[in-house]
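Reader: I would like to go through this structure by question and answer. Please keep the replies short.

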Amino acid sequence: MHIRIKQAAAALLALTAGLIGVWAEFAPLSFYRSFPLAGHPWISSLGPYNEHLIRDVGGLYLALLVLTGWAAIRPQVGTLRLAGAAWLAFSLPHLVFHLLHLDELGTADKIGNIVSLAVNVVLALVLVAPSGAEAGRQARSAPAERATAGTGQEARR
């Protein structure tokens, strides 16, 4: 996958992290009552307000913003992959939780909730996917690795 596509995916994730992180960290009650939009309370439908928990979520998103923002600004394969792995570690369980807790939401909110969370997972997968250059390098180096297999020469590379 081309580095510019990965850079764009990281930028989108960083934007998401920034918006959610700042809102949850600095206006936790508003975030609890109104996320994602007024009249569509995805969070308050799940239980009572807990300022500590909402601020922790804000801090988590701000940490993801730092990592993913850096990856978007200075796109290197390892940094992009690390950011993607961090987003997957958070986003997959987050998506699964919400898939199992949709009862309190209307149809449009169920769709919006799952689509928005699934988009984060897809963008994270883009970041961890091998780039075109990596795939080409792996294909070219495979015959050499097979030729030296068992000779002890692999360790010297």
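Reader: Start with one aromatic pair. Are Tyr61 and Trp87 buried or exposed?

Author: This is a predicted model. The cut-off for buried is under 20% relative accessible area. Both Tyr61 and Trp87 fall in that class. The answer for Tyr61 and Trp87 is buried.

Reader: How many aromatic pairs does the whole structure hold, and what geometry does the pair of Phe35 and Trp42 have?

Author: A search of the whole structure finds 7 aromatic pairs. For Phe35 and Trp42, the ring centres are 6.0 Å apart and the planes meet at 80°. Planes over 60 degrees apart count as edge-to-face. So the pair of Phe35 and Trp42 is edge-to-face.

Reader: What geometry do Tyr61 and Trp87 have as a pair, and which helices does that pair tie together?

Author: Tyr61 and Trp87 are 6.1 Å apart centre to centre, with 65° between the planes, and the pair is edge-to-face. The two residues are 26 residues apart in sequence, so their pairing ties together separate parts of the chain. Tyr61 lies in helix α3, and Trp87 lies in helix α4.

Reader: Which residues does Tyr61 contact beyond its neighbours within four places in sequence?

Author: Trp87 is one of these contacts. Tyr61 also touches Phe90 and His94. The rest of the list is Ala17, Ile20 and Gly21.

Reader: Which residues have the most contacts inside the largest nonpolar core, and which element gives the largest share of this core?

Author: That core has 30 residues, and those with the most contacts inside it are Phe31, Tyr61, Trp87 and Leu127. The elements that give two or more residues to it are α1 (3-26), α2 (28-34), α3 (51-73), α4 (77-99) and α5 (107-128). The largest share, 7 residues, comes from α5.

Reader: Which residues do ring pairs link into a cluster?

Author: Phe35 and Trp42 belong to it, and both are buried. Ring pairs join them with two further residues in one cluster. The full cluster is Trp23, Phe31, Phe35 and Trp42.

Reader: Phe35 precedes a proline. What is the peptide bond from Phe35 to Pro36, cis or trans?

Author: Pro36 lies in strand β1, residues 36-37. The omega angle of the bond from Phe35 to Pro36 is near 5°. That peptide bond is cis.

Reader: Step back to the fold. In what order do the elements run from the N terminus on?

Author: The protein chain has 6 helices and 2 strands. Among contacts between residues at least 6 apart in sequence, 65% join residues at least 24 apart. From the N terminus on, the order is α-α-β-β-α-α-α-α.

Reader: What percentage of the residues count as buried?

Author: The chain exposes about 9,100 Å², and carbon and sulfur atoms supply 68% of that area. The chain has 157 residues. The buried share of these residues is 33%.

Reader: Is Ser91 buried or exposed, and which residues does Ser91 contact beyond four places in sequence?

Author: Ser91 lies in helix α4. Its relative accessibility is 3%, so Ser91 counts as buried. Leaving aside neighbours within four places, its contacts are Asn120 and Val121.

Reader: Thr79 is also in helix α4. How far apart are Thr79 and Leu67, C-alpha to C-alpha?

Author: Thr79 is buried, with a relative accessible area of 17%. Not counting residues up to four places away in sequence, Thr79 touches Trp70 and Ala71. Thr79 and Leu67 are 12 residues apart in sequence. In space, C-alpha to C-alpha, they are separated by 8.2 Å.

Reader: Which residue forms a salt bridge with Arg55?

Author: The structure holds 1 salt bridge. Its closest N and O atoms are 2.7 Å apart. Arg55 and its partner are 4 residues apart in helix α3, which separates them by about one helical turn. Arg55 is partly exposed at 30% relative accessible area, and the partner, partly exposed at 38%, is Glu51.

Reader: Which residues make the nonpolar surface patch of about 310 Å²?

Author: One member, Leu12, is found in helix α1. At 47% relative accessibility, Leu12 counts as partly exposed. The patch is made by Leu12, Leu15 and Leu19.

Key:
Residues numbered from 1 in each chain as written. Predicted model: local features only at pLDDT ≥ 70, side-chain atom pairs only at ≥ 80, totals over all residues. Heavy atoms only, no water. Core = buried A, V, L, I, M, F, W, Y, C linked by side-chain atoms within 4.5 Å. Buried < 20%, exposed > 50% of the residue type's maximum accessible area, 1.4 Å probe, protein only. Contact = heavy atoms within 4.5 Å. Areas by Shrake-Rupley, 256 points an atom, 1.4 Å probe, with all protein chains shown as cover. Phe/Tyr/Trp six-rings, centres within 6.5 Å; stacked < 30°, edge-to-face > 60°. Salt bridge = Lys/Arg side-chain N within 4 Å of Asp/Glu carboxyl O. Patch = residues over 30% accessible without salt bridge, like charges linked within 9 Å, V, L, I, M, F, W, Y side chains within 5 Å.
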